[in-house]
Amino acid sequence: MTETAETIDVSGYTFEKAVAELESIVARLERGDVALDESIAIYERGEALKKHCEKLLAAAENRIEKIRLDRAGKPQGVEPLDGE
């Protein structure tokens, strides 16, 4: 069975690991020395990695938004995260 973007599991990757692999994929594709079938497969893996990175960044942004500000706009504390 051929892997597709939906079946490629990168959910356990850290942001740094996903970005490093994504950079490697981009470099391979830019060199142009990869067969067409393999290019398609690694492009799909790159898409999965990109989506995973976007998900991790969104989660980080949500955590940052949990910082409470006082009336003067100064950090006052943080609210508990919602099970993350």
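## Glu 38 and its salt bridge

At a relative accessibility of 35%, Glu 38 counts as partly exposed. This value, like the others in this report, comes from a predicted model. The side chain of Glu 38 meets that of Arg 28 in a salt bridge, with an N to O distance of 2.3 Å. The pair links distant parts of the chain, as Arg 28 lies in helix α1 and Glu 38 in helix α2, ten residues apart. Arg 28 is likewise partly exposed, since its relative accessibility is 26% and the partly exposed class runs between 20% and 50%.

## Overall organisation

The protein contains two helices and two strands. Read from the N terminus, these elements follow the order α-α-β-β. Of the 84 residues in the protein, 17% are buried. The exposed area of the protein is about 6600 Å², of which carbon and sulfur atoms supply 54%.

Contacts between residues far apart in sequence are also part of the picture. Among the contacts in the protein with a separation of 6 or more, 49% are between residues 24 or more positions apart.

## The two helices

Helix α1 covers residues 15-31 and helix α2 covers residues 36-64. The 17 residues of α1 reach 24 Å from the first C-alpha to the last, close to the 24 Å expected at 1.5 Å a residue. Helix α2 has 29 residues and spans 42 Å between its first and last C-alpha atoms, close to the expected 42 Å. After α1 comes Gly 32, which has a positive phi, near 75 degrees.

Which residues of α2 are buried? They are Ser 39, Ile 42, Arg 45, Gly 46, Ala 48, Leu 49, His 52 and Cys 53. The cover over the buried residues of α2 includes α1. An α-helix has 3.6 residues a turn, so residues three or four places apart point the same way. The buried residues of α2 can be read against that background, Ile 42, Arg 45, Leu 49 and Cys 53 being among them.

## The nonpolar core

The largest nonpolar core consists of ten residues: Ile 8, Val 10, Tyr 13, Ala 18, Ile 25, Val 34, Ile 42, Ala 48, Leu 49 and Cys 53. Helices α1 and α2 each supply at least two residues of this core. The greatest contribution is that of α2, with four residues.

Cys 53 is one of the core residues and one of the buried residues of α2. Beyond its neighbours within four places in sequence, Cys 53 is in contact with Phe 15, Ala 18 and Val 19. Ala 18, one of these partners, also belongs to the core. The C-alpha atom of Cys 53 is separated by 9.6 Å from that of Ser 11, although the two residues are 42 apart along the chain. Ser 11 is placed in the segment before α1. Is Ser 11 buried or exposed? Ser 11 is exposed, because its relative accessible area is 52% and the exposed class begins over 50%.

## Other salt bridges

The structure has four salt bridges. One of them joins the side chains of Glu 21 and Arg 45 at 2.4 Å, N to O. This pair links distant parts of the chain, with Glu 21 in helix α1 and Arg 45 in helix α2, 24 residues apart. Where do the two partners stand in accessibility? Glu 21 is partly exposed, with a relative accessible area of 22%, whereas Arg 45 is buried at 18%. Arg 45 falls in the buried class because that class lies under 20%.

A further salt bridge brings together the side chains of Arg 31 and Asp 33, at 3.6 Å, N to O. Arg 31 is exposed, with a relative accessible area of 54%. Asp 33 also counts as exposed, at 54% relative accessibility.

## A nonpolar patch on the surface

Ile 64, Ile 67, Leu 69 and Val 78 form a nonpolar surface patch of about 400 Å². Leu 69 belongs to strand β1, which comprises residues 67-69. Leu 69 is exposed, its relative accessible area being 52%. Leu 69 can therefore belong to a patch, as patch residues need over 30% relative accessible area.

Conventions
Residues numbered from 1 in each chain as written. Predicted model: local features only at pLDDT ≥ 70, side-chain atom pairs only at ≥ 80, totals over all residues. Heavy atoms only, no water. Buried < 20%, exposed > 50% of the residue type's maximum accessible area, 1.4 Å probe, protein only. Contact = heavy atoms within 4.5 Å. Areas by Shrake-Rupley, 256 points an atom, 1.4 Å probe, with all protein chains shown as cover. Core = buried A, V, L, I, M, F, W, Y, C linked by side-chain atoms within 4.5 Å. Patch = residues over 30% accessible without salt bridge, like charges linked within 9 Å, V, L, I, M, F, W, Y side chains within 5 Å. Expected span 1.5 Å × (residues − 1).
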